[in-house]
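I opened a fresh notebook page for this one and kept my entries short. Come along and look things up with me.

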Amino acid sequence: MEFSWGSSQESRRLLLSLLFLAAWKAGSGQVHYSVLEEAKHGTFVGRIAQDLGLELAELVPRLFRVASKGHGDLLEVNLQNGILFVNSRIDREELCGRSLECSIHLEVIVDRPLKVFHVEVEVKDINDNPPMFPGTQKNLFMAESRPIDSRVPLEGASDADIRANALLTYTLSPNEYFSLEKPNDDERVKRLGLLLRKSLDREEAPEIFLVLTATDGGKPELTGTVQLFIKVLDANDNAPAFDRTLYAVKLPENTPNGTLVMKLNASDLDEGSNADIIYSFSTDILPNVESKFHIDPITGEIMVKGYIDFEESKSYEILVEGIDKGQPPLSGHCTVMVEVEDTNDNVPVMEFKSLSLPIREDAPLGTVIALVSVYDLDSGANGQLTCTLSPHVPFKLVSTFKNYYSLVLDSALDRESVANYALVVTARDGGSPSLSTTASMYVEVADVNDNAPAFAQPEYTVFVRENNPPGCHIFTVSARDADAQENALVSYSLVERRVGERALSSYVSVHAESGKVYALQPLDHEELELLQFQVSARDAGVPPLGSNVTLQVFVLDENDNAPALLPRPGVGGAGGALSELVSRSVGAGHVVAKVRAVDADSGYNAWLSYELQPAAGGSRSPFRVALYTGEISTTRTLDEADSARQRLLVLVKDHGEPALTATATVLLSLVESGQAPKASSRVLAGAAGAEAALVDVNVYLIVAICAVSSLLVLTLLLYTALRCSAPPTEGACGPGKPTLVCSSAVGSWSYSQQRRQRVCSGEGPPKTDLMAFSPSVPDSRDREDLQPATGESLSKVSFKYPLFNLNF
């Protein structure tokens with residue numbers, strides 16, 4: 001906003017109109033305002049938020065801020081109303097000197113998303129500086145013989161303002177001797193001079209006092225004055241004269257001290273000492289010129305004695321006087337214009353602003369990461385800059401305004417592949433040779449939860465012995481997450497389901513942090529042979545990601561069940577002993593009884609053997625027991641010496657480690673051959689019925705075996721097809737079929753125990769155990785054992801064949 005210092009009505013109207021209008025235009029991303037220098041604190045400049053298209057409510061959340069390189073806090077923005085106002089004193093002459101154009105460049109930066117606006121505020125000049133002469137009094141010495149119309153140069157006044165405010169007019173106080181010579185049209189040298197209009201007479205006027213007034217073109221006008229004291233001298237009437245009044249010289253910057261700039265030559269028409277000329281700088285010379293150059297008083301050579309810097313001053317105006325040695329001395333004047341030529345001696349300067357780091361790996365393309373500004377103090381091609389970025393990185397530099405660049409994302413990021421990038425930004429000027437500067441920047445990629453925990457394999461098989469102690473560690477699962485920090489923090493849990501009538505969590509648990517799997521209670525192989533379940537691994541990201549792994553826990557059998565004796569229904573003795581009547585006429589090898597036992601274990605732990613305990617007193621018993629069938633038979637023909645009542649102890653032992661045993665008592669009563677049929681008529685009748693039914697049973701057995709074999713093959717084919725095509729279902733828990741043990745020289749296929757086996761998994765129906773050994777052909781006398789005992793159903797009769805021995 002502009003302010004006028006005039007008091008006219010027109011100036012006041014201009015002030016009111018400018019209070020309501022800030023000139024601005026959109027182009028190259030800029031907004032333009034103007035403000036008068038020396039404006040008071042709080043002076044309105046423009047509605048910057050509105051002109052930039054920003055809402056007032058978003059200024060604070062988006063961290064609205066204004067930066068001005070090198071200009072401090074001259075201008076500020078009220079975040080409540082979005083108005084740009086003057087914050088401190090603005091002096092155009094202090095900012096820009098005599099430059100015609102003067103502006104303050106503002107960078108307006110907002111975040112979320114990051115964006116930069118460029119605002120130019122033009123500082124307009126007011127007439128606040130009066131014309132100033134180098135001194136308040138100027139002493140001049142003139143010979144009375146000085147010719148009419150001769151010129152005496154004067155140092156004009158300077159005005160720190162510009163344009164009309166610095167356009168000076170000069171007036172000379174009224175006098176009869178001198179008139180004022182106005183500056184010529186050479187813009188580089190605008191010098192005044194006094195023209196002698198009337199001959200001087202020292203005797204008439206030895207001293208002349210004049211006042212030179214300079215008036216600028218501002219409103220209101222400001223003036224400056226200098227007093228001219230002219231002393232009229234006698235004698236020496238020829239002043240030294242230079243070849244030209246103006247010399248122009250080009251001098252490269254950084255010229256070393258002692259370098260000759262030029263040699264001046266002045267001549268004097270007088271003779272003797274009046275023609276000897278002493279060269280010197282004028283007393284009106286500026287201090288910066290006197291500190292850079294030196295003139296030899298005898299030879300007139302001007303040499304460099306200070307550091308010449310184009311960026312400090314682009315030209316120097318040297319005022320030279322040639323004074324003779326006459327009495328009074330006379331002087332001649334000339335001006336040497338030294339134009340400094342720029343050389344490429346300044347390295348580009350680079351600055352990073354508003355870094356938005358770290359950057360998320362899922363950031364969209366075009367995301368602004370940083371603002372980069374570069375500048376070079378040189379001019380022309382030496383100050384023209386180009387910015388490049390190190391290759392093979394997913395970023396690029398985008399020019400936004402002059403020497404301003406935005407570092408933006410150019411391709412997708414993946415923190416798991418590259419976690420950070422070392423970027424090198426190079427700024428190079430157009431000089432010859434060119435100069436460059438580099439800046440390194442490290443861009444860290446922030447993790448996003450885009451990777452689920454992964455197990456080494458999808459399924460694990462675990463073997464656990466039954467009767468484990470509660471809380472024992474049975475396995476450890478481990479999943480790895482490629483993410484970082486909380487996104488890689490994995491916790492484990494069970495995928496809950498029902499195992500039969502109980503929850504899975506009543507059997508096992510998993511430690512949430514370590515992944516250790518514990519059995520919460522002792523496992524029983526006879527109840528549960530396979531436990532299949534899933535463990536879930538889930539990270540702590542938002543949203544969390546997870547995966548599952550399947551564990552198949554096989555419960556291994558231990559020998560924890562002793563053999564159990566099976567009583568014969570309807571037949572028994574005291575104390576649960578087995579009682580039989582045996583005729584004394586039976587021959588050797590005759591089977592008189594059979595001990596039946598089962599073991600709830602499986603495999604070798606359920607493989608039973610039978611052993612006859614030695615009789616008391618060490619007497620030899622006429623009976624023996626088959627090692628693996630439990631059949632008690634005679635070892636010889638019975639005689640009268642044998643006791644009528646035989647008490648046998650049969651030890652039943654499994655093959656576990658350690659072996660478990662049970663003892664069966666068999667009571668045999670020896671009777672005469674004539675008494676045996678009467679005593680066992682019911683038994684014989686039953687045996688006859690069994691013999692009669694044996695033929696029919698054999699036929700049924702063959703048919704059943706064929707049917708079972710066909711059903712087994714069909715079941716296996718169906719099971720294979722389901723495994724390959726159907727997804728796994730929840731575990732089915734059901735009763736298992738009886739375990740069968742194959743007959744051999746050391747054993748038989750024997751039904752161990754009517755028990756319910758539960759095989760709980762996620763892949764199909766319950767399974768059964770089957771152990772097979774080499775078959776053996778039993779003795780034909782064993783056929784009588786096919787007769788079922790009294791009250792025993794046919795399903796419990798054992799059928800023996802060379803290849804199979806099945807218990808039903």
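Here are my entries, one topic at a time.

**Entry 1: what kind of model**

I noted at the start that this is a predicted model.

**Entry 2: an acid without a partner**

I began at aspartate 51, which lies in helix H2, residues 48-51. Is aspartate 51 buried or exposed? I found aspartate 51 buried, and yet it has no salt bridge. I looked for the nearest side chain of opposite charge, and that is arginine 47, 7.6 Å away. A salt bridge needs the nitrogen and the oxygen within 4 Å, so I could not count this pair. I did find a polar contact for the side chain of aspartate 51: it meets the side chain of tyrosine 33 at 2.6 Å.

**Entry 3: a strand with two faces**

Next I read along strand E10, residues 169-172. Tyr170 and Leu172 point to one face and are buried. Thr169 and Thr171 point to the other face and are not buried. I reminded myself that in a regular strand the side chains alternate between the two faces of the sheet.

Which strand pairs with E10? I found strand E13 (residues 207-215), in the antiparallel sense, over four bridges. Leucine 172 stands opposite leucine 212 in E13.

**Entry 4: enclosed space**

How many cavities of 30 Å³ or more does the structure hold? I wrote down three. The largest cavity has about 60 Å³ of space. I looked up its lining, which includes Glu107, Val116, His118, Lys353, Thr400 and Tyr404. Strand E7 (115-124), strand E26 (368-375) and strand E29 (404-409) are the elements that give two or more residues to that lining.

**Entry 5: two cis peptide bonds**

I then checked two bonds that lead into prolines. The one from leucine 357 to proline 358 is cis, with omega near -10°. Proline 358 sits in the loop between strand E24 (349-353) and strand E25 (359-360).

The bond from valine 542 to proline 543 is cis as well, with omega near -5°. I found proline 543 in the loop between strand E41 (530-539) and strand E42 (546-556).

**Entry 6: positive phi without glycine**

Glutamate 38 is not a glycine, but I read a positive phi of about 65° for it. Glutamate 38 is in the loop between strand E1 (30-36) and strand E2 (44-46). I met this residue again in a network of salt bridges that links Glu38, Arg89, Asp91 and Glu94.

Lysine 402 is not a glycine either, and I read a positive phi of about 50° there. Lysine 402 belongs to the loop between strand E28 (395-401) and E29. Is lysine 402 buried or exposed? Lysine 402 has a relative accessible area of 64%, and exposed means over 50%, so I put lysine 402 down as exposed.

**Entry 7: the residue just before the loop**

I also looked at phenylalanine 401, in strand E28. Phenylalanine 401 has a relative accessible area of 5%, and buried means under 20%, so I put phenylalanine 401 down as buried. In sequence, phenylalanine 401 and glutamine 30 are 371 residues apart, while in space they are 8.8 Å apart, C-alpha to C-alpha.

**Entry 8: salt bridges**

How many salt bridges does the structure hold? I noted 21, and I looked at a few pairs.

Arginine 92 and glutamate 93 meet through their side chains at 3.7 Å, N to O. Both arginine 92 and glutamate 93 are buried.

Glutamate 312 and lysine 292 meet in a salt bridge at 3.5 Å, N to O. Glutamate 312 lies in the loop between strand E21 (301-304) and strand E22 (315-324), and lysine 292 lies in helix H4 (residues 287-292), so this pair ties together parts that are 20 residues apart in sequence. Lysine 292 is buried, with a relative accessible area of 9%.

My last pair was aspartate 639 and arginine 636, whose closest N and O atoms are 3.7 Å apart in a salt bridge. Aspartate 639 counts as partly exposed at 34% relative accessibility. Arginine 636 is partly exposed too, with a relative accessible area of 30%.

Conventions:
Residues numbered from 1 in each chain as written. Predicted model: local features only at pLDDT ≥ 70, side-chain atom pairs only at ≥ 80, totals over all residues. Heavy atoms only, no water. Buried < 20%, exposed > 50% of the residue type's maximum accessible area, 1.4 Å probe, protein only. Lys, Arg positive; Asp, Glu negative; His and termini not counted. Polar contact = N/O pair within 3.5 Å; in protein donor to acceptor, adjacent residues only side chain to side chain. Pairing = 2+ DSSP bridges. 1 Å grid on protein atoms, 1.4 Å probe; cavity = no way out; pocket = protein on both sides within 12 Å on 5 of 7 lines; lining within 4 Å. Points joined across faces, edges and corners; volume = space filled by probe spheres on them.
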